[in-house]
Structures are given as C-alpha cells and as structure tokens.
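Let's take a walk through a structure together. Have the sequence and the 3D view ready, and turn the view as you read.

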2 protein chains.
Amino acid sequence: MYSIQDVSNKTGLSTHTLRYYEKEGLISGVERSQGGFRQYTDEDLERLGLIRCLKNTGMSIQEIARFVQLTHEGDHTLEERVELLREHRERVLERMAEMQEHLDKVTWKLNFFTEKLKAYQAEQKKDKQA
Amino acid sequence: MYSIQDVSNKTGLSTHTLRYYEKEGLISGVERSQGGFRQYTDEDLERLGLIRCLKNTGMSIQEIARFVQLTHEGDHTLEERVELLREHRERVLERMAEMQEHLDKVTWKLNFFTEKLKAYQAEQKKDKQA
DNA sequence: CATGAAGTTGAAGTTTACTCTAAGGTGATA
DNA sequence: TATCACCTTAGAGTAAACTTCAACTTCATG
C-alpha cells in the first residue's frame with residue numbers, strides 16, 4: 001500500500017495531478033483507509049503505468065478515460081479497446097514521422113546558421129587584426 | 001503577393017492563427033495594401049515554413065518569438081540562435097526517444113489485448129455452438 | 001457605384017490540463 | 001494526548017494556444 005505521496009514520487013505525477021486523474025476517471029477504485037486516505041496498490045501503479053504511456057504519446061485525458069471505462073465494462077469491450085489502441089498507435093506513428101521530417105528541416109537550418117556563424121567569426125577576427 | 005486567406009490555404013494555419021502569430025511577434029513586417037490588408041510575399045511563406053517546423057517539433061510560441069527577434073537583431077546574434085536551435089534539437093530527440101519507448105509499451109499492450117480478444121471470440125463461438 | 005465577400009482591430013471566450021487555495025480531518029510519534 | 005506533517009474536498013485560478021465576436025473598412029465585380 002502506497003500513500004499518494006509515495007505514488008507521486010514513484011511516478012513523477014504531482015499529488016494534485018493524481019487526484020485530478022482520479023476525478024476524471026483515469027484511475028478509479030483506489031482503496032481508502034478508514035479515515036479516507038488513498039491507499040494505492042501495485043496494481044494501481046501498473047494501471048498508472050499504462051496511463052502514462054498513453055498520456056506521453058499524446059492521448060487526451062478524455063480518450064484515456066474512455067479507454068479505462070471500457071476496461072471496466074468487461075470483455076465484451078475488448079474489440080473496441082483494441083481498435084482504440086490501434087488507432088492511437090497509427091496516429092502516434094504519423095505524428096513521429098512528421099516530427100522527424102520537421103526536425104530534419106530544423107537540423108538543416110541549424111547547419112546553415114552554424115556555417116554562417118563561422119564565416120561571421122572569421123570576419124570579426126579579420127576586422128580586429130586590421 | 002498572397003492574401004491572408006491564400007496563406008491560410010497554403011499553410012493550413014487559420015487566418016485567425018496567422019494574425020495571432022503576427023501579434024505574438026512570430027512573423028513581423030508583413031506588407032500591407034493601401035487599405036491595410038496583409039500582403040504576404042514568398043519570403044514570408046518561407047519564414048512561416050521555419051516557424052511551422054519549430055512549432056510542430058514542440059517549441060512554444062514564446063520561444064519562437066525569441067528566435068525571430070534574434071534574427072531581426074542581426075548577425076551578432078548568430079551564436080545565440082545556433083545555441084537555441086541546438087538545444088531545441090536535443091530536446092526534440094529526447095522527446096522522440098521517450099515517445100518511442102512509451103509507444104512500444106502501448107504496442108505491447110495492444111498485442112496483449114489482441115490475443116485476449118481472439119480467446120474471447122473463440123469462447124463466444126463455443127458458447128453459441130453449445 | 002453598389003454590394004457582398006473578405007479583411008481589419010481589440011477584446012473577450014474556449015479548451016486542455018493542470019495547479020493552488022481554503023477549510024478542514026487523520027495518523028504516526030514523542 | 002498533543003502536535004504536526006500529510007491527507008481530504010470543492011472550487012477557484014493559471015497558462016498556452018488558439019478561436020470567436022463585434023463593429024467596422026476595403027476590394028473586386030457586375
């Protein structure tokens with residue numbers, strides 16, 4: 001059993017964010033102590049692991065909530081969940097290809113400026129000597 | 001010379017966004033007709049091209065504005081610009097590696113669910129026959 | 001030269017994903 | 001058993017990046 005602070009330390013998500021995620025339906029059914037304190041299990045941590053993967057690959061909170069909801073509804077939603085992940089995967093692959101393309105252009109520009117800088121510095125040196 | 005609508009069509013940015021970018025200092029010095037209408041040149045389009053690359057690789061509006069400002073200040077800012085792009089490039093590479101890692105986990109989960117779905121469907125079929 | 005589509009501005013509104021605040025209650029420990 | 005760090009909630013606040021609105025003005029065309 002982990003306190004919310006423990007989970008925050010383990011995941012890098014703030015305690016605020018953890019409560020917010022719970023409110024939004026991303027992580028439901030977290031146990032409570034008799035006093036009402038959240039007590040996360042290892043299973044909860046694993047669920048948070050998947051959530052982080054989806055989040056970090058650009059899935060919105062709303063879409064993750066949808067996925068989690070389907071999970072709770074049982075095996076008859078397996079097809080929809082597979083479909084959802086498959087589509088997400090496609091979108092991420094496209095996004096990454098696009099990023100790579102744009103990064104290449106940035107790299108090209110960076111090289112261009114690097115050359116220009118060299119020329120500029122050579123010029124400065126010459127001026128100083130004169 | 002292109003109207004704002006032309007540029008919107010060419011870049012995929014809305015006319016609203018183009019005006020917003022201008023206000024934020026991302027694209028300055030766009031010519032105007034005597035009546036005050038924006039008239040974009042091919043050079044403006046090229047500048048927008050770089051802006052889109054930076055934007056799409058995750059640079060904030062503020063940081064792009066900073067870069068553009070340095071550009072206007074002349075060659076003595078070349079070093080800072082090179083540094084800025086170099087750092088951005090590093091961040092993007094890290095971000096992409098992270099995304100790839102997380103995507104791998106999503107893919108793993110997807111395969112897991114796909115198998116589970118197959119088993120479930122086989123089960124359903126069996127129940128139907130029974 | 002009228003008219004309607006497209007442009008202009010400043011300012012307010014929206015969405016997403018947090019993040020913080022206030023006003024408490026809880027629980028380990030000295 | 002007091003104390004104090006940590007937890008609870010509802011709700012307000014924030015930041016980024018647009019997006020929409022209102023109230024005009026301009027431009028191309030029949």
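We begin at the DNA and then follow one helix into the protein.

Keep in mind that this is a predicted model. Find DNA strand C: there are 19 residues around this strand, and those that come nearest are Y21(A), S33(A), R19(B), F37(B) and R38(B). Which part of the strand lies within 4 Å of the protein? Of those DNA atoms, 79% belong to sugar or phosphate, and the rest to bases.

Now zoom in on the phosphates. The side chain of R19(B) has an N or O atom 3.0 Å from a phosphate oxygen of strand C. For R32(B) the corresponding distance is 3.1 Å, and for K55(A) it is 3.3 Å. Two elements give two or more residues to the surface near the strand: α2 (15–23) of chain A and α1 (4–11) of chain B. The largest share, four residues, comes from α2(A). By class, this surface has six nonpolar, nine polar and four charged residues.

Let's stay with α2(A). Which of its residues are buried? They are T15(A), L18(A), Y21(A) and E22(A). Seen down the helix axis, these buried residues fall within an arc of 120°, so they line one face of the helix. The general reason is that an α-helix has 3.6 residues a turn, so residues three or four places apart point the same way. On the other side of α2(A), H16(A) and K23(A) are exposed.

What covers the buried residues of α2(A)? The cover includes α1, β1, β2, α3 and α4 of chain A. Finally, α2(A) is followed by G25(A), which has a positive phi, near 85°.

Note on methods: Residues numbered from 1 in each chain as written. Chains lettered and ligands numbered in written order. Predicted model: local features only at pLDDT ≥ 70, side-chain atom pairs only at ≥ 80, totals over all residues. Heavy atoms only, no water. Near = heavy atom within 4 Å. Polar contact = N/O pair within 3.5 Å; in protein donor to acceptor, adjacent residues only side chain to side chain. Nonpolar A, V, L, I, M, F, W, Y, C, P; charged D, E, K, R; others polar. Buried < 20%, exposed > 50% of the residue type's maximum accessible area, 1.4 Å probe, protein only. Arc of directions from axis to C-beta. Contact = heavy atoms within 4.5 Å.
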